[in-house]
Amino acid sequence: MTASPAFAPTVELHPHPRTRDELGVILANPGFGNYFTDHMFLAKWTPDEGWAYPRIVPYGPLTLDPATAVLHYAQEVFEGLKAYAHADGSIWLFRPEANAERMQRSAHRLALPELPTDWFIGSIKALIEVDAAWVPNGDEKSLYLRPFMFASERFLGVRPSQHVTYGLISSPAGAYFPEGLKPVSIWLSTEYARAGAGGTGAAKCGGNYASSLLPQQEAAAQGCAQVAFLDSTEHKWVEELGGMNLFYVQSDGSIVTPELSGSILEGITRDSLITLARDLGHEVVERRVSIDEWRDGCADGTITEVFACGTAAVVTPIRSLKWEGGEAVPGDGEAGKVTSELRAALVDIQYGRAPDRHGWLQQVLPA
Ligand code: PLP
Ligand code: COI
């Protein structure tokens, strides 16, 4: 494989971008994943050229041959991160290198080529430069960035694709859950697992989410916002939710989160909250948590708060865990003190209201 050329994207501006008025309406109430900015970034990889043809183009459909490999064998990975507008109008990313590195690990697991970190971050900066007007102001709002990579070779044999497309789209975002910041209920999936030992659970690949949709449908039918998955071998150890990691606050003030078992996604929010919780004086333990501990701990008061975290969900309190014929409610089911404290510590850094002591922010555009 030849070395990838220096990152120098071409830019083709949209002939008819959204008007200022249209944008104002969208940004006032963006929801999550409903609207996409005027442009997108694309690049392609082949074994001969490496990563090549970086370009910003007007947002629009991709044309795919029906035999495109990803449509058949799901050789695909993606990422999710956000750009935040600070009060002075400057625009910042939160730990983008961590997303670049996780995408490289995901790509490796899916036999896709690794996108260099400077291309990953460069694509984000290039897109935000042309679509800066789309970064919403205001608490809880951000521009959600969705880098993705897929097997774009046209063939039906089962082998790694020799033509790969990298894309980046972006979408103004408010709260992920329509309820806003209200505590949510979670459904325990007893029949289905999200990932197994040696599988793709630690990779951020589309297939993991496809397999979570049926249990997610069951959860919705039970009035729950997300599904909690257990390990696939013993059906005993708590892993994570369909798109978020889990934390438990205990009555002695310590905090527990399921250890990275190899089948859990290594959340960047999870990692950041572990650091922030320790900064705030909490003991944080990464270890196995059984479903019995979750249930009994809520009943006997050992577990006082449970929350989920992720880029999209930020920090979301969990009101109850439900299953056929039962439920476990921590404390009084309202957002707990430690959950609220950690959430504030995180978002205050992201929105520039608190000092960035860990060097997590990277400026994209000045004030
Ligand atoms: N777990 C899963 C399955 C996810 O999809 C996500 C979201 O990206 C997370 C955890 C949280 O990861 P992060 O905090 O990096 O967004
Ligand atoms: C994210 O948090 O970025 C995700 O990709 C999870 C998904 C539920 C939107």
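**Exercise 1. Find the residues that Tyr351 touches, and place Tyr351 in the chain.**

Leaving aside neighbours within four places in sequence, Tyr351 is in contact (heavy atoms within 4.5 Å) with Tyr84, Ala85, His86, Gly138, Asp139, Glu140, Lys141 and Ser142. Before going on, a word on the model: it is predicted, local features need pLDDT of at least 70, side-chain atom pairs count only at pLDDT 80 or more, and totals for chains, interfaces and linings use all residues. Residues are numbered from 1 along each chain as its sequence is written, chains are lettered from A and ligands numbered from 1 in the order in which they are written, and side-chain values use heavy atoms, with hydrogens and water left out.

Step 1: locate Tyr351. This residue sits in the loop between helix H8 (337-350) and strand S18 (361-365). Helices (H or I, at least four residues) and strands (E, at least two) are DSSP runs, numbered from the N terminus.

Step 2: pick one partner, Lys141, and check the spacing. Tyr351 and Lys141 are 210 residues apart along the chain, with 9.7 Å between their C-alpha atoms.

Step 3: is Tyr351 buried or exposed? Tyr351 is buried, at a relative accessible area of 8%. Buried means under 20% relative accessible area, exposed over 50%, and partly exposed in between (1.4 Å probe, protein chains only).

**Exercise 2. Do the same for Ser152.**

Step 1: find the loop. Ser152 belongs to the loop between strand S7 (142-151) and strand S8 (164-173).

Step 2: list the contacts. Not counting residues up to four places away in sequence, Ser152 touches Thr68, Ser161, His163, Val164 and Thr165.

Step 3: compare sequence and space. Ala69 is 83 residues from Ser152 in sequence, yet their C-alpha atoms are 6.0 Å apart.

Step 4: look at the cover. With 14% relative accessibility, Ser152 counts as buried.

**Exercise 3. Look up the backbone and surroundings of Tyr53 and Arg95.**

Step 1: read phi. Tyr53 has a phi near 55°, a positive value in a residue other than glycine. For Arg95, phi is near 50°, again positive in a residue other than glycine.

Step 2: where does each one lie? Tyr53 is part of strand S3 (residues 50-58), while Arg95 is in the loop between strand S6 (91-94) and helix H3 (96-109).

Step 3: check exposure. Tyr53 is partly exposed at 45% relative accessible area, whereas Arg95 is buried at 15%.

**Exercise 4. Describe the whole chain.**

Step 1: count the elements. The chain holds eight helices and 18 strands.

Step 2: test the overall packing. For 367 residues, a compact globule would have a radius of gyration near 21 Å, and the chain agrees with its 21 Å. This radius is taken over C-alpha atoms, and the globule rule is 2.2 Å times the number of residues to the power 0.38.

Step 3: add the extent and the core. The C-alpha trace spans about 60 × 50 × 35 Å along its principal axes, and buried residues make up 53% of the 367 residues.

Step 4: look at contact range. Of the contacts with a separation of 6 or more, 72% join residues 24 or more positions apart.

**Exercise 5. Which domains are assigned, and how do they meet?**

Step 1: read the bounds. The assignment, automatic or from a database, gives domain 1 (10-173) and domain 2 (184-350).

Step 2: gauge the spacing. The C-alpha centres of domain 1 and domain 2 lie 27 Å apart.

Step 3: count the residues in contact. Here 21 residues of domain 1 meet 21 residues of domain 2.
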